[in-house]
Amino acid sequence: MSVKVNIRGQAAAPGSLAHALKDVKLKLVTISGKGGVGKSLVTASIAVGFAMRGYKVGILDGDVYGPTIPKMLGVSDSTLYVDQKTGKIIPVVGPLGIKVVSIEFALPSDDTAVIWRAPLVNQALRDFIAQVEWGSLDVLVVDLPPGTGDAPLTIAQSLQGGLDGSVIVTIPTEISRRIVLKSIDFSRKLNIRVAGVVENMCCFKCPDNGKVYYIFGRDAGKKIAEAAGVPFLGGIPIDPEFSQHLDTGRLHEFLAKNNETAKAVLSIVNALEEMYKDKLSQQPPPKEEKPKRISLLKLPGEEEEGES
Ligand SMILES: Nc1ncnc2c1ncn2[C@@H]1O[C@H](COP(=O)(O)OP(=O)(O)OP(=O)(O)O)[C@@H](O)[C@H]1O
């Protein structure tokens with residue numbers, strides 16, 4: 001039997017994190033030096049953008065302290081199931097067939113805070129990645145917790161050698177400059193290729209007069225990317241309609257609209273598709289069997305379901 005080998009030359013042993021992702025062609029991670037800049041929005045948008053092009057896509061919401069991706073995709077009431085045969089976690093299937101795994105699915109309510117010390121978070125993240133049955137995917141987008149501290153480091157290190165690129169999300173303020181450089185440095189130290197910088201909230205087009213305002217400053221993200229020698233993937237305007245769609249779990253409906261914000265988002269996906277076209281065109285592995293499933297929140301025997 002052949003064993004997959006990762007970039008560093010080590011065999012991807014069964015049960016290891018690298019092994020869990022062996023049938024995923026392109027693994028991207030989104031990073032932001034600080035919270036609230038739109039990292040989850042960019043993660044979910046990249047996933048939806050690839051799915052709109054017909055790719056098989058998964059999202060790992062690794063932002064354990066603030067999981068928002070299920071809400072953006074309208075699947076926050078879903079439950080994770082475990083395959084009875086393999087004991088593996090089966091991802092929730094969201095719009096456009098996107099497979100989603102998030103800590104939010106394991107929390108009793110929307111308002112429950114995750115108050116875990118670092119070692120528990122680290123272990124939970126490792127388990128999530130290693131125990132999920134992703135099956136064969138074209139693209140997996142991993143949303144890291146904000147910052148460059150312990151939790152993002154754990155995921156990134158766990159997947160070291162397996163990640164194909166990092167998308168660094170920022171807003172165009174001068175203050176963000178050092179933070180973006182830190183994120184680039186973080187990515188490089190972990191041997192993750194920097195796919196590029198996304199400048200969220202780049203501008204605002206006034207609906208009354210059509211004038212574009214650069215609220216936080218102009219082109220800061222682009223200049224930082226140029227100075228650091230990494231690609232600039234594009235800017236996303238502040239758009240209240242975008243925000244409303246995110247809040248109501250209709251990101252995929254928003255990106256299907258042919259408006260300027262949707263086009264700006266999808267041009268970022270275009271850039272990534274072009275950058276990784278060789279990986280994306282690799283032959284898929286043979287089709288997998290559909291698993292028999294049981295709720296992750298129930299004990300074995302309490303609830304059983306047939307094939308979904
Ligand atoms: N370009 C935009 N237009 C409209 N609303 C936006 C835009 N970018 C972000 N938002 C809104 O800002 C909020 C924060 O976005 P998001 O959750 O993606 O940030 P984040 O960087 O992932 O935060 P954290 O890292 O702290 O979890 C969301 O409610 C989102 O709707």
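In what sense do β8 and strand β9 pair, and over how many bridges? In this predicted model, β8 and β9 (residues 194-200) run parallel and are joined by 5 bridges.

**View 1. Strand β8 and its partners β1 and β9.** Strand β8 spans residues 165-170, and 5 of its 6 residues are buried, so the rest of the structure largely encloses this strand. On the β9 side, Val-167 has Gly-196 as its bridge partner. Strand β1 (residues 24-31) also pairs with β8 in the parallel sense, over 4 bridges. Within that pairing, Ile-31 stands opposite Ile-168 of β8.

**View 2. The open sheet from edge to edge.** Strands of a sheet pair through backbone hydrogen bonds, either parallel or antiparallel. The sheet shown here is open, has 8 strands and mixed pairing, and follows the order β5-β6-β2-β7-β1-β8-β9-β12. Its edge strands are β5 (92-93) and β12 (232-236), each of which pairs on one side only. Strand β7 (residues 137-143) runs parallel to β1, and 6 bridges join the two. One position in that pairing is Lys-27, whose bridge partner in β7 is Leu-140.

**View 3. Helices α6 and α10 over the sheet.** Helix α6 (residues 176-189) lies across β1, β8 and β9, and runs at about 170° to β8. Helix α10 lies across β9 and β12, with an angle of about 165° to β12.

**View 4. Packing of helix α2 against helix α10.** Two packed helices are described by the angle between their axes and the distance between the axes. Helix α2 (residues 39-52) packs on helix α10 (residues 260-275) at an angle of about 70°, and the axes are 9 Å apart. Angles of 65 to 115 degrees count as roughly perpendicular, so α2 is roughly perpendicular to α10. From α2, the contact takes in Ser-45, Ile-46, Gly-49 and Phe-50; from α10, Val-265, Leu-266, Val-269 and Leu-272. By class, 6 of the contact residues are nonpolar and 2 are polar, with no charged residue.

**View 5. The shell around the ligand.** Around the ligand there are 20 residues, of which Gly-35, Gly-38, Ser-40, Leu-41 and Ser-243 come nearest. Helices α2 and α8 (240-247) are the elements that give two or more residues to this shell. The shell consists of 8 nonpolar, 9 polar and 3 charged residues.

**View 6. Val-132 in the loop before β7.** Val-132 is found in the loop between α4 (118-131) and β7. The residue has 20 other C-beta atoms within 10 Å and is therefore buried. Leaving aside residues up to four places away in sequence, Val-132 touches Ala-20, Lys-88, Ile-89, Pro-91 and Val-101. The C-alpha atom of Asp-239, 107 residues from Val-132 along the chain, is separated from that of Val-132 by 34 Å.

**View 7. Positive phi at Asn-191 and Asp-219.** Asn-191 is found in the loop between α6 and β9, and has a positive phi near 60° although the residue is not a glycine. Asn-191 counts as exposed because it has 12 C-beta neighbours inside 10 Å. Asp-219, in the loop between β11 (212-213) and α7 (220-228), is not a glycine and has a positive phi of about 65°. With 16 other C-beta atoms within 10 Å, Asp-219 is partly exposed.

Conventions
Residues are numbered from 1 along each chain as its sequence is written. This is a predicted model: local features need pLDDT of at least 70, side-chain atom pairs count only at pLDDT 80 or more; totals for chains, interfaces and linings use all residues. Axes are lines fitted to C-alpha atoms, for helices over the stretch in contact, and angles run from 0 to 180 degrees between N-to-C directions. Angles under 35 degrees count as roughly parallel, over 145 as roughly antiparallel, 65 to 115 as roughly perpendicular and the rest as oblique. Two residues are in contact if their C-beta atoms, placed from the backbone, lie within 7 Å. Ala, Val, Leu, Ile, Met, Phe, Trp, Tyr, Cys and Pro count as nonpolar, Asp, Glu, Lys and Arg as charged, and the others, Gly among them, as polar. A residue is near a molecule or strand if its C-beta atom, placed from the backbone, lies within 6 Å of it. Two strands pair if DSSP finds at least two bridges between them.
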